[in-house]
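Please look over the structure shown here before reading on.

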Amino acid sequence: MKIGNVDLGERPVVLAPMEDVTDVSFRVLCREQGAAMVTTEFIPSDGLIRDAAKAIAKMRTLEEESPVAIQIYGHIPESMVDAARMADNAAEIAGGHGADIVDINFGCPVSKNAGRGQDPA
Ligand SMILES: Cc1cc2nc3c(=O)[nH]c(=O)nc-3n(C[C@H](O)[C@H](O)[C@H](O)COP(=O)(O)O)c2cc1C
């Protein structure tokens with residue numbers, strides 16, 4: 001299976017993104033234990049474009065976890081474009097390895113996320 005130029009092998013087992021779970025140490029452990037790819041927890045695009053330290057820190061990945069996807073989410077298209085560019089340049093912005101893949105969270109059912117962007121009516 002190939003995603004862009006990232007070759008994950010025949011039948012890859014990939015670590016799902018999980019808020020407050022898939023931090024850097026957990027991701028490295030999963031790669032050591034055979035995950036073909038790992039993913040950061042979702043990172044808010046509005047936090048990234050505000051340069052919020054917490055959001056930036058979540059983009060920091062290590063060489064030994066590669067291939068690693070950085071996941072972003074948000075409901076404002078312009079913010080998502082800027083955040084995707086930042087994720088693509090994560091190595092310069094946050095240090096470390098950066099992103100092999102930028103993953104966009106399109107379907108989080110958690111109400112604090114799914115309810116954003118709706119008309120107040
Ligand atoms: C604690 C927790 C946090 C999660 N956080 C995210 C997240 O940040 N981004 C995302 O796309 N999915 C998130 N998910 C969904 C998981 O990535 C996954 O899609 C879901 O658990 C179903 O996986 P399964 O079919 O292997 O059980 C989260 C799930 C759990 C349980």
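The questions below deal with a helix, a core and a ligand shell.

Residues are numbered from 1 along each chain as its sequence is written. This is a predicted model, in which local features need pLDDT of at least 70 and side-chain atom pairs count only at pLDDT 80 or more, while totals for chains, interfaces and linings use all residues.

Q: Which residues of α4 are buried, and why do they lie on the same side of α4?
A: Helices are DSSP runs (H or I, at least four residues) and strands too (E, at least two), numbered from the N terminus. A residue is buried if 20 or more other C-beta atoms lie within 10 Å of its own, and exposed if 12 or fewer, with C-beta atoms placed from the backbone. The buried ones cover an arc of only 95° around the axis (taken from the directions from the helix axis to the C-beta atoms), which puts them on the same side of α4. They are Ala83, Met86 and Ala87.

Q: Which residues are exposed on the other side of α4?
A: The buried residues of α4 pack against α2 (45-49), β5, α5 and β6 (101-104), contact being C-beta atoms, placed from the backbone, within 7 Å. On the other side, the exposed residues are Pro77 and Glu78.

Q: Which element gives the most to the largest nonpolar core?
A: Such a core is a set of buried Ala, Val, Leu, Ile, Met, Phe, Trp, Tyr and Cys residues joined through C-beta atoms within 7 Å. Two or more residues come from each of β5 (68-73), α4 (77-88) and α5 (90-94). With 5 residues, the element that gives the most is β5.

Terms used:
Two residues are in contact if their C-beta atoms, placed from the backbone, lie within 7 Å.
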